[in-house]
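User: Could you take a close look at the surroundings of the ligand in this model for me? I would like to see how that part sits in the rest of the chain.

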Amino acid sequence: MINTSFIIETTVEFVRKQMGEDSTGHDWYHVDRVRKNALLIAERERQGDLFIIEMAALLHDIPDEKLNSSVHEGQNKLSNFIEGIPLSADQALKIIEVINSISFRGGEKKPLSSIEAKIVQDADRLDALGAIGIARTFAFGGKKGQPIYHPDLTVREKMTIEEYRQGKSSSIHHFYEKLLLLKDLLNTDTAKMMAEERHRYMEEFLLQFYQEWNGQA
Ligand code: ADP
Ligand code: NI
């Protein structure tokens with residue numbers, strides 16, 4: 001019988017060490033919120049293997065490009081850690097599968113393979129919404145050197161990839177490019193419910209932002 005609480009503790013220690021210095025919104029506290037929300041969703045949905053969910057949530061950002069010099073380096077970091085802890089082959093495979101399926105970029109439309117992946121993805125997306133989501137967006141934008149807002153561009157204007165690369169974006173634009181779309185991309189009913197208030201709060205924030213920007217508030 002594998003001692004799961006020992007494995008979780010070891011994983012927490014590893015992740016804390018790996019993410020401690022990050023200031024892009026990918027810090028340990030992001031991971032901890034994703035873990036807690038993933039477990040909450042699983043409990044309310046009465047679905048999913050809790051150990052796989054907790055492990056995948058804890059490790060989900062370890063291979064992220066933003067924290068590694070290459071995708072390859074990130075993948076290695078994850079598999080080296082997984083190989084060093086006493087998991088069954090099936091558990092190791094499932095955890096890696098969840099992480100890879102949710103962090104997969106580019107051909108993002110691929111349907112998720114398991115309920116565990118759906119739940120961890122929902123929890124990760126919830127953390128991009130609401131007050132926390134707003135804070136993370138401006139932290140990320142600042143680190144990237146992009147402006148808070150760019151009044152020259154119509155907010156809803158769709159940018160070409162080239163313009164995006166040239167940094168002609170702003171953190172306010174990110175709301176329209178991603179954040180306001182997320183509530184319709186969630187997998188579980190529980191996460192959809194949790195997203196409602198967070199979504200409303202972001203819309204209110206944007207209205208207030210434009211009012212103040214235009215000197216009306
Ligand atoms: P995660 O890995 O947690 O799903 P990302 O790596 O895509 O999220 O982004 C981390 C945080 O930075 C999120 O809160 C996200 O909304 C924000 N973010 C991502 N891209 C941008 C951007 N271009 N401008 C501002 N914020 C961004
Ligand atoms: Ni994340």
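Analyst: Happy to. A word on confidence to begin with: pLDDT is the predictor's confidence in each residue, on a scale from 0 to 100. This is a predicted model, and the mean pLDDT of its protein chain is 89, with 86% of the residues at 70 or more. The scores for the model are ipTM 0.96 and pTM 0.91.

Now to the ligand. The shell around ligand 1 has 16 residues, and the closest of them are Arg136, Thr137, Phe140, Gly141 and His174. Helix α7 (130–144) and helix α9 each contribute at least two residues to this shell. The largest share, five residues, is from α7. By character, the shell consists of three nonpolar, seven polar and six charged residues. Where does ligand 1 lie with respect to domain 1 (1–107) and domain 2 (128–217)? Both domains give residues to the shell, so ligand 1 lies between them.

Phe140 is a good residue to zoom in on. It is one of the closest residues to ligand 1, and its place is in helix α7. Is Phe140 buried or exposed? The answer falls in between: there are 18 other C-beta atoms within 10 Å, and a residue needs 20 or more to be buried, so Phe140 is partly exposed. Ser171 is 31 residues away from Phe140 in sequence, while the C-alpha atoms of the two are 8.3 Å apart in space.

From the ligand, let us step back to the fold. The protein chain is built with 10 helices and zero strands. Of the 217 residues in the protein chain, 29% are buried. Among contacts between residues at least 6 apart in sequence, 61% join residues that are at least 24 apart.

The nonpolar core comes next. In soluble globular proteins, nonpolar side chains tend to be buried together. Here the largest nonpolar core has 35 residues, and Ala38, Ala56, Leu59 and Val120 have the most contacts inside it. Two or more residues come from each of α2 (28–45), α3 (50–59), α5 (89–103), α6 (115–126), α9 (171–177) and α10 (189–213). Helix α3 gives the most, with seven residues. Like the shell around ligand 1, to which both domains give residues, this core draws on domain 1 and domain 2, with at least three residues from each. Helix α9 has a part in both places, since it appears among the contributors to the core and also supplies at least two residues of the ligand shell.

Ala56 shows what the packing looks like from a single position. Leaving aside neighbours within four places in sequence, Ala56 is in contact with Ile95, Val98, Ile99, Glu116 and Val120. Val120 is also listed with Ala56 among the core residues with the most contacts.

Two exposed positions round off the tour. Arg46 is in the loop between α2 and α3, and it has a positive phi of about 50° although it is not a glycine. With 7 C-beta neighbours inside 10 Å, Arg46 counts as exposed. Gly215 belongs to the segment after α10, and it is exposed because 6 other C-beta atoms lie within 10 Å. Gly215 and Lys94 are 121 residues apart in sequence, with 53 Å between their C-alpha atoms.

Definitions and conventions
Residues numbered from 1 in each chain as written. Chains lettered and ligands numbered in written order. Predicted model: local features only at pLDDT ≥ 70, side-chain atom pairs only at ≥ 80, totals over all residues. Core = buried A, V, L, I, M, F, W, Y, C linked by C-beta atoms within 7 Å. Buried ≥ 20, exposed ≤ 12 C-beta atoms within 10 Å, placed from the backbone. Helix = DSSP H or I, 4+ residues; strand = E, 2+ residues; numbered from the N terminus. Domains from an automatic or database assignment. Contact = placed C-beta atoms within 7 Å. Near = placed C-beta within 6 Å. Nonpolar A, V, L, I, M, F, W, Y, C, P; charged D, E, K, R; others polar.
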